[in-house]
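Biologist: I should like a close look at a single part of this model, namely one place where two helices pack. Please describe how they are arranged and what makes up the contact, and then place that part within the chain.

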Amino acid sequence: MHRKKDRRVKLSPKIVRAIRRAYSRRSTCRITQKALAHRFGVHPSTINVIVLGRSRSKVEGPRSVAGHDWATRARGAHNGGSKLSLQQVRDIRKLYAAQSPRVTQRALGERFNVSSVCIHFIVREKSWKHGPTQ
């Protein structure tokens, strides 16, 4: 009978510390858990439990907090689900602010092929907050 090797043993404490250090500096040196997994030859879920401190808890190093990873999150037009560009968002805000001629959020939604709720969030700066408003 052939036994499958436990892959966790190949990550030494030194490597675990390196993973945690690299991930803690992700706001200055943009790196994702997927990229770290590829670099160290492990599954992304392994990186996730290491950086959260749920695995190899006896090894020191900076831990991440659970929740959204704002430092590496794709925002704006870089988000795969985005239907608008930054220039279109600027145009929407400019048209709505000018109100000459009077324009509704519904009309803007139809013009830019998005919902009126999407337009509402854009003009109130609840979405697309990171981009310039000019």
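Modeller: In this predicted model, helices H1 and H2 are roughly antiparallel to each other, because the angle between them is about 150 degrees and angles over 145 degrees count as such. H1 covers residues 13–24 and H2 covers residues 33–40, and their axes lie 11 Å apart. The handedness of the crossing between H1 and H2 is right-handed. On the side of H1, the contact is formed by Ile15, Ile19, Ala22 and Tyr23; H2 contributes Gln33, Leu36, Arg39 and Phe40. By residue class, this contact of H1 with H2 comprises six nonpolar residues, one polar residue and one charged residue. The polar member is Gln33 and the charged member is Arg39, since Arg counts as charged and Gln falls among the others, which count as polar.

As to the setting of this pair, the protein chain contains six helices and zero strands, so that its pattern along the sequence reads α-α-α-α-α-α. The chain has 134 residues, and 28% of them count as buried. Among contacts in the chain with a separation of 6 or more, 57% join residues that are 24 or more positions apart. The accessible surface of the chain amounts to about 9,700 Å², and carbon and sulfur atoms account for 52% of that area.

Key: Residues numbered from 1 in each chain as written. Predicted model: local features only at pLDDT ≥ 70, side-chain atom pairs only at ≥ 80, totals over all residues. Heavy atoms only, no water. Helix = DSSP H or I, 4+ residues; strand = E, 2+ residues; numbered from the N terminus. Buried < 20%, exposed > 50% of the residue type's maximum accessible area, 1.4 Å probe, protein only. Contact = heavy atoms within 4.5 Å. Areas by Shrake-Rupley, 256 points an atom, 1.4 Å probe, with all protein chains shown as cover. Axes fitted to C-alpha atoms, helices over the stretch in contact; angles between N-to-C directions. Parallel < 35°, antiparallel > 145°, perpendicular 65-115°, else oblique. Left-handed = near helix turned anticlockwise from the far one by under 90°.
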